[in-house]
Amino acid sequence: MTSVMWFRRDLRVNDNKALYHACKEEDLILLFQVNPEQFIKGSPSHQAFFASVAHFKQELNKNTHLQIMFGDPIELLKQLKEKIPTWDKVFFNRDETGYGASRDEAAQAFFADKEITVHSYHDSYLHSAEEVKKSATEYYKIFTPYYKKWREEIKEIPLKVALKPENIRKESLFPKYEEQFRELIQDLPAFDSGEKAANTRLANFVKEDLANYDKARDVPALDKTSHLSRYLRTGEISIRTVWQALQKEEATEGRATFEKELCWRDFYNMIYVSFPKQKNEPIQENYRFIEWENNREFFKKWQDGQTGFPLVDAAMRQLKETGWMHNRLRMITASFLTKDLLIDWRFGEKYFQQMLIDYDPASNIGGWQWAASTGTDAVPYFRIFNPTTQSEKFDPDGRFIRKYVKELRDLPAKFIHQPEKMSETEQQEHGMILGKDYPFPIIDHKERRKLAIARYEFSKEHSRGNI
């Protein structure tokens with residue numbers, strides 16, 4: 001009889017739960033399915049993910065073979081069963097949210113119909129959504145009590161996977177799909193992909209930056225965050241491997257702060273399970289009637305880093321140039337879009353989905369709803385980031401701004417956060433003309449703050465039936 005190991009966002013051999021169990025089978029097919037309906041063509045997010053798939057396939061193909069199939073998952077499962085009538089077991093690491101959860105539900109029905117035994121595992125998070133709850137029937141909505149209980153739960157240790165090449169099918173079962181995949185990846189940019197790169201990143205972070213993470217993580221110019229998010233997104237490293245590496249280190253504030261960030265990752269996954277419509281609907285009913293302006297010109301200026309607020313612009317240009325953005329800047333740019341520009345958070349979330357090479361639906365949606373004050377345990381609607389104050393606090397000498405907003409690189413520190421304060425003579429002196437070389441601020445923060453608060457308060461009263 002034949003077994004299938006179905007890879008998704010677990011592109012690794014080491015500490016892969018489903019693969020650990022599948023390797024005990026004597027006739028095993030390794031499978032990855034490409035679903036074109038999920039593509040965001042030409043986007044950095046799409047390119048980075050498939051670069052990781054390509055690297056994983058290349059590594060596996062040295063001793064075994066990763067089968068590629070191309071199309072609708074259920075149709076492909078039917079084709080595979082027709083091709084391999086002896087197929088009677090399937091192994092995979094399941095998804096709890098979004099598209100992955102609905103795909104798994106449909107697949108379960110297929111497997112039941114074909115009498116294929118399912119072996120599925122929770123693998124992507126330290127704790128699944130069902131493991132840390134207020135009660136058997138109630139999920140947490142506030143992070144702090146969730147975190148306290150999460151800390152008490154025992155964390156699993158990594159599994160040692162013994163891949164047995166002699167038991168794995170090495171011939172290509174569907175050459176036409178292999179060719180489609182080669183076409184898909186032929187023009188991809190170079191990315192630092194793979195298990196080795198992920199483990200090197202982890203080792204370097206733990207050695208060099210973990211101890212001071214609590215102090216340095218908020219300063220974009222220092223670039224002292226872990227950059228592990230893109231590898232966790234693809235599963236090129238397991239979350240258990242990351243956790244184990246932390247436990248070997250001294251118990252510092254830096255380590256505790258980073259561990260809390262891993263808890264936020266679990267928390268947002270749990271929130272997505274408890275609010276499955278949150279990608280398109282605000283969680284808090286009070287803020288479902290906000291009158292968004294959705295100014296297209298402003299949205300384009302935000303995307304292009306042309307708002308006239310230097311740190312916001314530097315952050316958006318970093319995203320466009322690298323496919324990544326520092327976490328502090330994600331909060332600042334999200335607050336600016338939703339509260340200063342009064343643009344619906346869903347536009348920002350979808351743009352980040354397209355651009356981020358570390359895009360994780362649960363964390364991205366959770367972060368945007370937090371910034372927009374529409375989510376669970378979100379920032380209060382009246383707490384609105386001042387982009388200039390944030391700039392002065394987290395990039396005081398303008399190092400980060402100068403790196404990405406090159407037209408401002410020669411400005412003295414006293415103007416780097418507010419170039420509009422320069423006189424015409426000073427603009428000439430520094431070779432930077434406002435309105436020509438760099439835009440004036442597109443809005444007045446103080447006025448927009450008042451307007452945003454009024455819009456949120458109106459929505460709250462509307463939802464209560466008072467208007």
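Buried means under 20% relative accessible area, exposed means over 50%, and partly exposed is whatever falls in between (1.4 Å probe, protein chains only). The model is predicted: local features need pLDDT of at least 70, side-chain atom pairs count only at pLDDT 80 or more, and totals for chains, interfaces and linings use all residues. Residues are numbered from 1 along each chain as its sequence is written, and side-chain values use heavy atoms, with hydrogens and water left out.

**View 1. A salt bridge inside helix 12 joins Asp-304 and Lys-300.** Here a salt bridge is a side-chain nitrogen of Lys or Arg within 4 Å of a carboxyl oxygen of Asp or Glu. The closest N and O atoms of this pair sit 2.4 Å apart. Both residues belong to helix 12 (residues 296–304), four residues apart, or about one turn of the helix. Helices (H or I, at least four residues) and strands (E, at least two) are DSSP runs, numbered from the N terminus. Asp-304 counts as partly exposed because its relative accessible area is 24%; Lys-300 is partly exposed too, at 45%.

**View 2. Glu-261 reaches Arg-217 from a distant part of the chain.** Their salt bridge has its closest N and O atoms 3.0 Å apart. Glu-261 lies in helix 11 (residues 253–274), while Arg-217 is in the loop between helix 8 (213–216) and helix 9 (229–234), 44 residues apart. Glu-261 has 24% relative accessibility, so it's partly exposed, and Arg-217 gets that label at 23%.

**View 3. Five strands make an open, parallel sheet.** Read across it, the order is 3-2-1-4-5. Strand 3 (66–70) and strand 5 (117–121) are the edges, each pairing on one side only. Two strands pair if DSSP finds at least two bridges between them. Strand 1 (residues 2–7) and strand 4 (residues 87–93) share four bridges, and Ser-3 has Lys-89 as its bridge partner in strand 4.

**View 4. Strand 4 runs parallel to strand 5.** Five bridges join the two, with Asn-93 partnered by Tyr-121 in strand 5. To get from strand 4 to strand 5, the chain goes through helix 4 (residues 98–113), and this β-α-β crossover is right-handed. Right-handed means that, with the strands pointing away from the viewer, the path from the first strand over the helix to the second runs clockwise.

**View 5. Six residues share a salt-bridge network.** Its members are Arg-8, Arg-9, Asp-95, Arg-103, Asp-104 and Asp-360. For context, the whole structure has 35 salt bridges.
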